[in-house]
Amino acid sequence: MKTVSENRSFGGTQGVYTHASDACACDMTFGLFLPEEAKHVPVPVLWYLSGLTCTHENAMTKAGAQAWAAEMGIALVFPDTSPRGEGVANDEAYDLGQGAGFYVNATQDPWKPHFRMWDYVADELPALLGANFAVDMDRQAITGHSMGGHGALTLAMNLPGRFTSVSAFAPIANPTQSDWGKKQLGAYLGDSGWEKHDSTLLMQEKGFDGPMLVDQGTSDQFLDLLMPESLAQAMAARRQEGIFRMQKGYDHSYFFISTFMEDHVAFHAEHLFG
């Protein structure tokens, strides 16, 4: 693992690191914010999964999460959204290939040699963090935006007991029924295995074994692709412990995310610290 940068931030350290990934068969980059408390004791972890076209850097620099994480003594992890580099398959479209890993393990060519973002986020990166930083991997929560909201919700429901809480900003909520999903799941997975990566179907089948928070802007330009009503209805039908909020006038941008980031970090802190 190599240190790209480390900057003091809100009393803690915002770092960027690269490492050779076995899961993705290429070098991967991630951001990690450690609050001041990490100098003395391992701290709980909040994962932030980003959306289409993003790298580790977008949320790290735009979401405003470090101030609230520092106040509450929580580490923030910002993984990249896909494998990258020479020899890694790509597509001319912004919503497939590099920058659009969709947090799945691809089974189809040309994607399957590198696009194993599920294994990377669920297994490889947590092991790396636990071995190298002052983080308490027994206390983890997860959030994300858009494609990353999809990833956060599906990881949380597929890995019971892993995360104390889950939240999402404008998640792709029903990808098996949306053009933001059908295209990518078909390309990466072929004709099978889609259900594991659809938060609405997972909510109908099993739900989440903890509290959930979802924020969605009413002026989001991608509402028809996100299909938030499907997830909201599934949450209500299951009587899932959680809150689904439609935020009047907000769109899909980081202005929306930064407005409600304090709420999300505080929500997770409440449950990470029990």
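This section describes the core, the aromatic pairs, the main pocket and several individual residues of a predicted model.

The largest nonpolar core of the model comprises 90 residues. Within this core, Trp47, Leu129 and Tyr188 have the most contacts. When neighbours within four places in sequence are left aside, Tyr188 is in contact with a series of residues that includes Leu96, Gly97, Ala100, Gly101 and Phe102. Further contacts of Tyr188 are made with Val104, Ala106, Thr107 and Gln108, and also with the aromatic residues Trp111 and Phe115.

Twelve aromatic pairs are present in the structure. One of them joins Trp111 and Phe115 in an edge-to-face arrangement, with 5.2 Å between the ring centres and 85° between the planes. Trp111 has a relative accessibility of 6% and therefore counts as buried, the limit for this class being under 20%. Phe115, at 1% relative accessibility, is likewise classed as buried. Phe115 also pairs with Tyr188, and here the rings are stacked, with a centre-to-centre distance of 5.5 Å and an angle of 20° between the planes. This second pair links distant parts of the chain, as its two members are 73 residues apart. Phe115 belongs to the loop between strand S5 (75-79) and helix H3 (117-132), whereas Tyr188 is part of helix H5 (residues 179-189). Both partners of the stacked pair, Phe115 and Tyr188, are buried. Elsewhere, a cluster is formed by Phe169, Tyr250, Phe256 and Phe260, which are linked through ring pairs.

The loop between S5 and H3 also contains Asp91. The relative accessible area of Asp91 is 32%, so this residue is partly exposed. Not counting residues up to four places away in sequence, Asp91 touches Leu96, Gly97 and Trp111. Leu96, Gly97 and Trp111 also appear among the contacts of Tyr188. Asp91 and Asp209 are 118 residues apart along the chain, and their C-alpha atoms are separated by 37 Å. Pro110 is found in the loop between S5 and H3 as well. The peptide bond leading from Asp109 to Pro110 is cis, and its omega is near 0°.

The largest pocket encloses about 190 Å³ of space. Its lining is made up of 13 residues. Leu52, Thr53, His145, Phe222 and His252 are the lining residues that lie nearest the centre of the pocket. By residue class, the lining consists of six nonpolar and seven polar residues, and no charged residue takes part in it.

Gly151 is located in helix H4 (residues 147-158). With a relative accessibility of 0%, Gly151 counts as buried. Apart from neighbours within four places in sequence, the contacts of Gly151 are Leu49 and Tyr103. The C-alpha atom of Gly151 is separated by 20 Å from that of Asn90, a residue 61 places away along the chain.

Glu262 is placed in helix H9 (residues 254-272). This glutamate has a relative accessible area of 35% and is therefore partly exposed. Between Glu262 and Ala69 the C-alpha to C-alpha distance is 8.6 Å, although the two are 193 residues apart in sequence.

Positive phi values in residues other than glycine were found at Phe10 and at Ala25. For Phe10, phi is near 50°. Phe10 occupies the loop between strand S1 (2-9) and strand S2 (12-21). The relative accessible area of Phe10 is 59%, so its class is exposed, for which the limit is over 50%. In Ala25, phi is about 55°. Ala25 is placed in the loop between S2 and strand S3 (26-34). Ala25 is partly exposed, its relative accessible area being 43%.

Key:
Residues are numbered from 1 along each chain as its sequence is written. This is a predicted model: local features need pLDDT of at least 70, side-chain atom pairs count only at pLDDT 80 or more; totals for chains, interfaces and linings use all residues. Side-chain values use heavy atoms; hydrogens and water are left out. On a 1 Å grid over the protein atoms alone, a cavity is a set of points where a 1.4 Å probe fits but cannot get out, and a pocket is an open set with protein on both sides within 12 Å along at least five of seven lines; lining residues have an atom within 4 Å of a point. Grid points are joined across faces, edges and corners, and a volume is the space filled by probe spheres set on the points. Ala, Val, Leu, Ile, Met, Phe, Trp, Tyr, Cys and Pro count as nonpolar, Asp, Glu, Lys and Arg as charged, and the others, Gly among them, as polar. A nonpolar core is a set of buried Ala, Val, Leu, Ile, Met, Phe, Trp, Tyr and Cys residues joined through side-chain atoms within 4.5 Å. Buried means under 20% relative accessible area, exposed over 50%, partly exposed in between (1.4 Å probe, protein chains only). Contact means heavy atoms within 4.5 Å. Rings of Phe, Tyr and Trp (its six-membered ring) pair if their centres lie within 6.5 Å; planes under 30 degrees apart count as stacked, over 60 as edge-to-face and the rest as tilted. Helices (H or I, at least four residues) and strands (E, at least two) are DSSP runs, numbered from the N terminus.
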